[in-house]
Number of protein chains: 2
Amino acid sequence: MEPTVGDLSDPLINHTEGQLFLHEAFKIIVEEVLCKGTDVKEKVCEWKEPEELALLLDLELREKGEQKEKLLQRVRDVAKYSVKTSHPRFFNQQFAGVDYHSLAGRFLSEALNTNLFTYEVAPVFVLMEAEVLRGLRELVGWTEGDGLFCPGGSTSNMYALNLARYRLYPEVKSQGLWSLPRLTIFTSPESHYSVKKGAAFMGFGMDNVIFVKGAVPHFVSCTSGTTVQGAFDPLDRIADVCDKHKLWLHVDAAWGGSVLFSKKHRHLMKGVNRANSVAWNPHKMLVAGLQCSVLLLKDTTNLLKKCHGANASYLFQQDKFYDVNLDIGDKSVQCSRKVDCLKLWLMWKAVGSTGLEQRVDKAFFHTRYLVEQMKKRDGFQLLREVAPVIKERMMKQGTMMVGYQPLGDRVNFFRITILSPLISQKDLDFFLDEIERLGNDV
Amino acid sequence: MEPTVGDLSDPLINHTEGQLFLHEAFKIIVEEVLCKGTDVKEKVCEWKEPEELALLLDLELREKGEQKEKLLQRVRDVAKYSVKTSHPRFFNQQFAGVDYHSLAGRFLSEALNTNLFTYEVAPVFVLMEAEVLRGLRELVGWTEGDGLFCPGGSTSNMYALNLARYRLYPEVKSQGLWSLPRLTIFTSPESHYSVKKGAAFMGFGMDNVIFVKGAVPHFVSCTSGTTVQGAFDPLDRIADVCDKHKLWLHVDAAWGGSVLFSKKHRHLMKGVNRANSVAWNPHKMLVAGLQCSVLLLKDTTNLLKKCHGANASYLFQQDKFYDVNLDIGDKSVQCSRKVDCLKLWLMWKAVGSTGLEQRVDKAFFHTRYLVEQMKKRDGFQLLREVAPVIKERMMKQGTMMVGYQPLGDRVNFFRITILSPLISQKDLDFFLDEIERLGNDV
């Protein structure tokens, strides 16, 4: 029997019921994630072994749907057992904190559910992305140029690699790497692993990320804010070398790029205006929320489109009634591409460049404060070798979160990431006290 | 002078004010996007020329922040001038409609703001993603395997390409394509453009996406649900050829994969269990919201990790206190990776596999209905050549949205995408009436 529309009942096609559910879920989100989740008196995480957590969450997907009350309990459980990354004692990653304007922008982006490929489906966001990119480029020191929001800094770095080889050998797009000499990529051992991952993914091979005799150097990837130590490469000096040898200079400023907002700290990236491309993640130091990552380009020759374009006729018709240059989708190697500009735009509108500058200055201020306090305490050298034990105790008690790792010939040490403007000096004092407390018998 | 914490005031570091703003923004989102935006009596889009829209939105980013009332007006304006993709008369793309459970899951994901790279920062989502992937693999017919959520179907397709060449020539990861014979990729002319884009991005070259004499065929990309015509390749017959020549069989089921939920329509993908990899976007036919895209793998040898792994020591420490296989981040070529599983999981929990099956059946039912009604009307052949004119009138009046395009030697025709369970037969009748009305004098 043919189904009729009446037969195809589906619980949440009902807007009234659906919106009621959304309202109740919103209340739980505010309560659990934004109130309790940022309360310094609450735990950062509610550690459970995977087997136990799987049981608690009842993850299995079944034939039949569930009732509203049960689903709302699930929303509560997901919140409860998730890590509170906006908690003032979450120092574990290069993201932390919450900005409510950005969050409102993210909710709005999700509700509007569109894609950044053509002006007709995303008129507001095509124009907004262009304006945000313009604002960021201005900070780099470029009055012209191009760019794109990407799903993360690794993708931004890969785009830069692709543009560089295309600029040098445009035939790579049609013929592949076989028609090219072996190309090498220069970067420091402290650069982010995405350079190597990208090189493998894009057919360069990881081995070519170091100097190989007889091959053609074509790309230099500098880092502004290394992942572990937060170090800044000397861009001006590297740019001199790149100029001389006509190499593509890329700056991976995923972590450090936000210093460009700060009059006090932007000297760390002096010379960035001489780069060909810059990758920068406002979801890190600016607290714009995941994901918010841009690739900025000095190029004015439409290289992005030439390099990535495939002219799909179902999206990018050339006989449209408006300027088809507004259909930016062909600049990307994605087809669907999330709207990631609105959260940054709304936050920027709310606090202004001055507010963002203050965030950066505050992160530096807090970092200096912590270093000074640490110097005053004995015993912090010793801690290094026992990091995994302290980390386990920390997680199981849920009092704070901070990562550890070895580096070179140094054994494990804690890598504290300080960025959220929601933390206070008290939280940093707590960090030191807590490391001492957790490690007092080891 | 050193800044003190007190100097670094920042309007929305105040949780109370911030949450108040979020509440008010939420109200606007519900009103503008979810109530008005889905109301059949309202417009699908409020067309503005780019210059005018830029002025209306006042996009410029400034030094000083703005007051709350102004920011809330901005939220309202962004909603007002954005396309209403959940409107019952939005037929323009392969996404449409709204599922409120999914949307609640998306708000929760945004508020929790974490990354899917390690168990320690995403315990709930590491387990949840695994369970959702398991459920989807089961529909493909695999009791074991692997997989990952990716930022869109194009990325899923690229991952499959990378895994295939790595399986055949593992040295590609370190040495690049130069050490390999020329590799070719087989696909139909109707396949999505991402196969060609991916080939260029990954160093294969677009020319190698067709048969090239003397080169090594290594990858066959079939399509389940082509972008323009919705056609399904005969997987069983292609699998026979791939078996014989030991080729990697990839199925790009970004659009069509959801038929696997339907007992009535899953025959369209008969043989999919013989594939090596399947790309499937639940954000399309299942209305899971952008972005929700998976790559499913039959592989049980940890190929994803071997092929993409870079063993970053700051994230993937091997001396952790829990099973480090739960740290799935190294399977991805991204570092930050959004949580895209929760929306699908919550929606699946809410309506069950049965509810999702009904969505697919309803989309097919509506498509058949439209074809029947169209056959009853004269004049629909003629329309083709005037599609751009009708489209312009449609957009400027905002009554509905549908895409057009040429194909082969056929001139422009309308490509209507029917998927949202929120549409009714009335909306399809309207579509036909409206095309007639808009085109009555051309």
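**Entry 1: chain A against chain B**

I began with polar contacts across the interface of chain A and chain B, and in this predicted model I found 74 residue pairs in polar contact, both residues at pLDDT 80 or more. A polar contact is a pair of N or O atoms within 3.5 Å, where within protein one must be able to donate a hydrogen and the other to accept it, and where residues adjacent in sequence count only if both atoms are side-chain atoms. On the side of chain A that touches chain B, I noted that α11(A) gives the largest share, 18 residues; helices (H or I, at least four residues) and strands (E, at least two) are DSSP runs, numbered from the N terminus. By class, I listed 88 nonpolar, 47 polar and 35 charged residues on that side of chain A, with Ala, Val, Leu, Ile, Met, Phe, Trp, Tyr, Cys and Pro taken as nonpolar, Asp, Glu, Lys and Arg as charged, and the others, Gly among them, as polar.

I then looked up salt bridges (a side-chain nitrogen of Lys or Arg within 4 Å of a carboxyl oxygen of Asp or Glu), and there are 10 between chain A and chain B. One of them joins Glu120(B) to Lys391(A), with the closest N and O atoms 2.6 Å apart.

For contact (heavy atoms within 4.5 Å), I recorded 170 residues from chain A and 170 residues from chain B. The buried area, meaning the accessible area (1.4 Å probe) that two parts lose on being put together, summed over both, is about 15700 Å² for chain A and chain B, and carbon and sulfur atoms give 65% of it.

**Entry 2: the two domains of chain A**

I next turned to the domain assignment, whose bounds come from an automatic or database source, and which gives domain 1 (13-66 + 73-111 + 350-441) and domain 2 (115-338) in chain A. Between these two domains of chain A I noted a buried area of about 2100 Å², of which carbon and sulfur atoms give 61%. Gln94(A), Glu357(A) and Phe364(A) supply 28% of the area that domain 1 buries against domain 2, more than any other three residues. Glu357(A) also forms a salt bridge with Lys263(A), the closest N and O atoms being 2.9 Å apart.

**Entry 3: conventions**

I kept in mind that residues are numbered from 1 along each chain as its sequence is written, and that chains are lettered from A and ligands numbered from 1 in the order in which they are written. Local features need pLDDT of at least 70, side-chain atom pairs count only at pLDDT 80 or more, and totals for chains, interfaces and linings use all residues, while side-chain values use heavy atoms, with hydrogens and water left out.
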